[in-house]
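Me: I should like a close look at a single part of this model, the largest pocket, together with the elements and loops around the chain. Please set out the terms with their cut-offs as they arise.

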Amino acid sequence: HHGGRVATVRVDVRARAALARALARAVADFGGLAIMCNIAGIGRNAANVRVASGDWCGALPEDLRRTFHVIVANPPYIAVNDSEVESVVSANEPPGALFAKDGGLADIFAIANQARDWLVGNGRLVLEIGHRQGAAVAGELARLGYDSVEIRPDLAGRDRIATATFR
């Protein structure tokens, strides 16, 4: 998409700043604009990057509604009190970057709902999800009117990425 827009929503952990920088570079290669919300460590001097802070898509400027070709989000997706979380993870990441209500699905569902107002026709939503959330996320995306819903695995073969198109 030459001249397209990409929004990343909630990339606020140091390790995830690399993702934000990579997206900004990729968008620049196509002459687009990237809007990064709630990012620490990305830097604020890239010509094609605007940094905003707010509640998920609520951080995006109103004049950009229905202009994004892709929205990428890596929200908190771990259920509060999940016994499988390794101590090294919870010790090195802020709780707000890891844990979400409703079995870890609350923030994923909120972004999926809000993104519909920001995507162009046939715009794509890409979400990082928990390894046991594929079926629930696919169902919610379909319920919200997305199609071409796919759940993609990580390198260990577990559900990790949800993608969908909103018409």
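By class, how many nonpolar, polar and charged residues does the lining of the largest pocket have?

Reply: The lining of the largest pocket has nine nonpolar, four polar and nine charged residues. In this classification Ala, Val, Leu, Ile, Met, Phe, Trp, Tyr, Cys and Pro are nonpolar, Asp, Glu, Lys and Arg are charged, and the others, Gly among them, are polar. The model is a predicted one: local features need a pLDDT of at least 70 and side-chain atom pairs count only at pLDDT 80 or more, whereas totals for chains, interfaces and linings use all residues. Residues are numbered from 1 along each chain as its sequence is written, and side-chain values use heavy atoms, with hydrogens and water left out.

The pocket itself has a volume of about 560 Å³. Its lining consists of 22 residues, and Tyr77, Ile78, Val85, His131 and Arg160 are those that lie nearest its centre. Two elements, β5 (78-79) and α3 (95-98), each give two or more residues to this lining. A pocket is here an open set of points on a 1 Å grid over the protein atoms alone, where a 1.4 Å probe fits, with protein on both sides within 12 Å along at least five of seven lines; a lining residue has an atom within 4 Å of a point. Grid points are joined across faces, edges and corners, and the volume is the space filled by probe spheres set on the points.

His131, one of the residues nearest the pocket centre, also links two loop residues. Glu84, in the loop between β5 and α2, is in contact with His131 and Arg132 when neighbours within four places in sequence are left aside. Arg158, in the loop between β8 (146-153) and β9 (159-166), is in contact with His131, Arg152 and Pro153 on the same basis. Contact means heavy atoms within 4.5 Å. Both loop residues are partly exposed, Glu84 at 49% relative accessibility and Arg158 at 40%. The classes are buried for under 20% relative accessible area, exposed for over 50% and partly exposed in between, with a 1.4 Å probe and protein chains only.

The loop that holds Glu84 also contains Asn81, which has a positive phi of about 70 degrees although it is not a glycine. Asn81 is exposed, at a relative accessible area of 73%. A second non-glycine residue with a positive phi, near 65 degrees, is Asn122; its place is in strand β7 (residues 119-128), and its relative accessible area of 46% makes it partly exposed.

Arg158 also leads to helix α6: its C-alpha lies 9.1 Å from that of Gly134, although the two residues are 24 apart in sequence. Gly134 is one of the buried residues of α6, the others being Val137, Glu140 and Leu141. They span an arc of only 135 degrees around the axis, which places them on the same side of α6; the arc is that of the directions from the helix axis to the C-beta atoms. The cover over these residues includes α5, β7, β8 and β9. On the face turned away from the buried side, α6 carries the exposed residues Ala135 and Arg143. After α6 comes Gly145, with a positive phi near 100 degrees.

Helix α5 (residues 106-115) has Asp107, Ile108, Ile111, Ala112 and Ala115 as its buried residues. Their arc around the axis is only 135 degrees, which puts them on the same side of α5. An α-helix has 3.6 residues a turn, so residues three or four places apart point the same way.

The chain as a whole gives the setting. Its secondary structure comes to six helices and nine strands; helices (H or I, at least four residues) and strands (E, at least two) are DSSP runs numbered from the N terminus. Of its 167 residues, 45% count as buried. Among contacts between residues at least 6 apart in sequence, 63% join residues at least 24 apart.

Confidence is expressed by pLDDT, the predictor's confidence in each residue from 0 to 100. The chain averages 80, and 69% of the residues score at least 70. Among the elements, helix α6 (residues 134-143) has the highest mean pLDDT, 98, and strand β2 (residues 33-37) the lowest, 55. Residues 10-15 have a pLDDT below 50, and this stretch makes 22 contacts in the model beyond near neighbours in sequence. Where pLDDT is low, the predicted coordinates should not be read in detail.
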